[in-house]
Amino acid sequence: MRSALAIVAAALCSTACAQGTSAVATLAPTAGNSAAGTVSFAQQGETILVTVDMTGLKPGPHGFHVHEKGDCSAPDATSAGGHFNPTGQPHGDPKGASHHLGDMPMLVADASGNAKLKFEFGPATLRGGPYDIVGRSVVVHADADDFRTQPAGNSGARIACGVIK
Ligand code: CU
Ligand code: ZN
């Protein structure tokens, strides 16, 4: 019985452990803002499971993207560059046919300014290649993303930023 369990455990690990690549972005507020939290990434086959836990937001929807550069050093996070767009698409709704790879579903904060969200992102990777998001950044914006205005959905100032590590 014990050896059978060990075999099962080893089999689970050979699947789960091979897929176990993960990363996290710790988001800090930009100058004059209060939004902060964590965004966790777990590779699951060809897509990435993203888990978001943010606080300090204005209630309501906020644009939310992976930006090209892993640099949150500017007080307004403009150092993070534009949306990560390795496929040369226009900005758009991640549920639609054409959008930046970095376009993510909006974060919707509750009346207390908290937002939790879990979704599948990609195809993308945490392990190299043109769709690798490690070393890039996650940005939360002040306003809603209209998923239409170019190049960034008119979602306003960058209120929180964190490098994906
Ligand atoms: Cu953005
Ligand atoms: Zn975009």
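A residue counts as buried here if 20 or more other C-beta atoms lie within 10 Å of its own. The exercises below apply this to a predicted model.

**Exercise 1. Determine which side chains of strand 3 point to the buried face and which point to the other.**

Solution. Begin with the general expectation that in a regular strand the side chains alternate between the two faces of the sheet. Next, apply the burial criterion residue by residue: Ile48, Val50, Val52 and Met54 point to one face and are buried. The remaining positions, Thr47, Leu49, Thr51, Asp53 and Thr55, point to the other face and are not buried. Finally, Met54 can be placed in a wider setting, since Met54 is one of the residues that touch the most other members of the largest nonpolar core, which has 33 residues.

**Exercise 2. Identify the strands that pair with strand 3, and give a bridge partner for Ser40 and for Asp53.**

Solution. Take strand 2 first: strand 2 and strand 3 pair in the antiparallel sense over nine bridges, and within this pairing Ser40 is bridged to Thr51 of strand 3. The hairpin formed by these strands has two residues between them, and Gly45 takes a positive phi near 65 degrees there. Then turn to strand 7, residues 115-121, which pairs with strand 3 in the antiparallel sense over seven bridges; in this case the bridge partner of Asp53 is Lys116 in strand 7.

**Exercise 3. Work out the strand order of the open seven-stranded sheet and explain why one side of strand 5 and of strand 7 lacks a neighbour.**

Solution. The sheet has the order 5-8-9-1-2-3-7, with antiparallel pairing. Strand 5 and strand 7 stand at the edges and each has a single partner strand, so one side of each is left without a neighbour in the sheet. Neighbouring strands are turned by 20 degrees against each other on average, direction ignored. Further inside the order, strand 1 and strand 9 pair over two antiparallel bridges, and Ala28 has Cys161 of strand 9 as its bridge partner.

**Exercise 4. State which strands supply the largest nonpolar core with at least two residues each, and describe the surroundings of Ile164.**

Solution. The residues that touch the most other core members are Leu27, Met54, Leu107, Val138, Val140, Cys161 and Ile164. Strands 1, 2, 3, 5, 6, 8 and 9 each supply at least two residues of this core. For Ile164, leaving aside residues up to four places away in sequence, the contacts include Ala23, Ala25, Phe41, Ile133, Val134 and Val138.

How values were computed. Residues are numbered from 1 along each chain as its sequence is written. Chains are lettered from A and ligands numbered from 1 in the order in which they are written. This is a predicted model: local features need pLDDT of at least 70, side-chain atom pairs count only at pLDDT 80 or more; totals for chains, interfaces and linings use all residues. A nonpolar core is a set of buried Ala, Val, Leu, Ile, Met, Phe, Trp, Tyr and Cys residues joined through C-beta atoms within 7 Å. A residue is buried if 20 or more other C-beta atoms lie within 10 Å of its own, exposed if 12 or fewer, and partly exposed in between; C-beta atoms are placed from the backbone. Helices (H or I, at least four residues) and strands (E, at least two) are DSSP runs, numbered from the N terminus. Two residues are in contact if their C-beta atoms, placed from the backbone, lie within 7 Å. Two strands pair if DSSP finds at least two bridges between them. Axes are lines fitted to C-alpha atoms, for helices over the stretch in contact, and angles run from 0 to 180 degrees between N-to-C directions.
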